[in-house]
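Visitor: I have the sequence and the structure open here. Could you walk me through what the atoms show?

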Amino acid sequence: MHPTRLYPIAFFACFAALIPQPAFAYIDPGLGSLIFQSAVAIFVTVAAGWATLRMKLRHLLSRFTGGAGENAPK
């Protein structure tokens with residue numbers, strides 16, 4: 001399809017997507033707890049990943065700096 005013929009089709013598709021339609025959807029009362037559990041799981045996963053990445057980077061950098069990392073005597 002030629003690109004100039006694609007622009008009117010894309011315009012009408014975007015315009016049609018903006019026309020509101022009734023959804024006839026039911027939101028379950030347990031959806032709030034599902035969203036909360038998902039948010040907590042995402043937060044814990046990101047925090048654990050960040051902590052692991054930080055620990056591995058410190059270990060890697062301690063190899064290059066002579067081994068004086070966070071476990072070095074003070």
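Guide: Certainly. This is a predicted model. Let us begin with H2: its 34 residues should span 50 Å at 1.5 Å a residue, and the end C-alpha atoms of H2 are 50 Å apart, which agrees.

Visitor: Which residues does H2 cover, and what follows just after H2?

Guide: Helix H2 comprises residues 31–64. Just after H2, glycine 66 adopts a positive phi of about 95 degrees.

Visitor: How many helices and strands does the chain have?

Guide: The chain contains two helices and zero strands.

Visitor: And how much of the chain is buried?

Guide: Of its 74 residues, 1% count as buried. The accessible surface of the chain is about 7300 Å², and carbon and sulfur atoms account for 72% of that area.

Visitor: Which residues form a nonpolar patch on the surface?

Guide: The patch is formed by Trp50, Leu53, Leu57, Leu60, Leu61 and Phe64, which together have about 680 Å² of accessible area. One of these residues, leucine 60, lies in helix H2.

Visitor: Why does leucine 60 count as partly exposed?

Guide: Its relative accessibility is 40%. Partly exposed covers the range between the cut-offs of 20% and 50%, so leucine 60 belongs in that class.

Visitor: Changing topic: how many aromatic pairs are there?

Guide: A search of the whole structure finds two. In one of them, phenylalanine 11 and phenylalanine 12 are edge-to-face, with 5.4 Å centre to centre and 65 degrees between the planes. In the other, phenylalanine 11 and phenylalanine 15 are stacked, at 6.5 Å centre to centre and 15 degrees between the planes.

Visitor: Where do phenylalanine 11 and phenylalanine 15 lie?

Guide: Both are in helix H1, residues 3–18, and they are four residues apart, about one turn of the helix. Ring pairs link Phe11, Phe12 and Phe15 into a cluster.

Visitor: Are those rings' residues buried or exposed?

Guide: Phenylalanine 11 and phenylalanine 12 are both exposed. For phenylalanine 11, the relative accessible area is 52%, and exposed requires over 50%, so phenylalanine 11 qualifies. Phenylalanine 15 has 49% relative accessibility and therefore counts as partly exposed.

Key. Residues are numbered from 1 along each chain as its sequence is written. This is a predicted model: local features need pLDDT of at least 70, side-chain atom pairs count only at pLDDT 80 or more; totals for chains, interfaces and linings use all residues. Side-chain values use heavy atoms; hydrogens and water are left out. Buried means under 20% relative accessible area, exposed over 50%, partly exposed in between (1.4 Å probe, protein chains only). Accessible areas come from the Shrake-Rupley method with a 1.4 Å probe; for residues, only the protein chains shown count as cover. Rings of Phe, Tyr and Trp (its six-membered ring) pair if their centres lie within 6.5 Å; planes under 30 degrees apart count as stacked, over 60 as edge-to-face and the rest as tilted. Patches are made of residues with over 30% relative accessible area and no salt bridge: like charges are joined within 9 Å, nonpolar side chains (Val, Leu, Ile, Met, Phe, Trp, Tyr) within 5 Å. A salt bridge is a side-chain nitrogen of Lys or Arg within 4 Å of a carboxyl oxygen of Asp or Glu. The expected span of a helix is 1.5 Å times one less than its number of residues.
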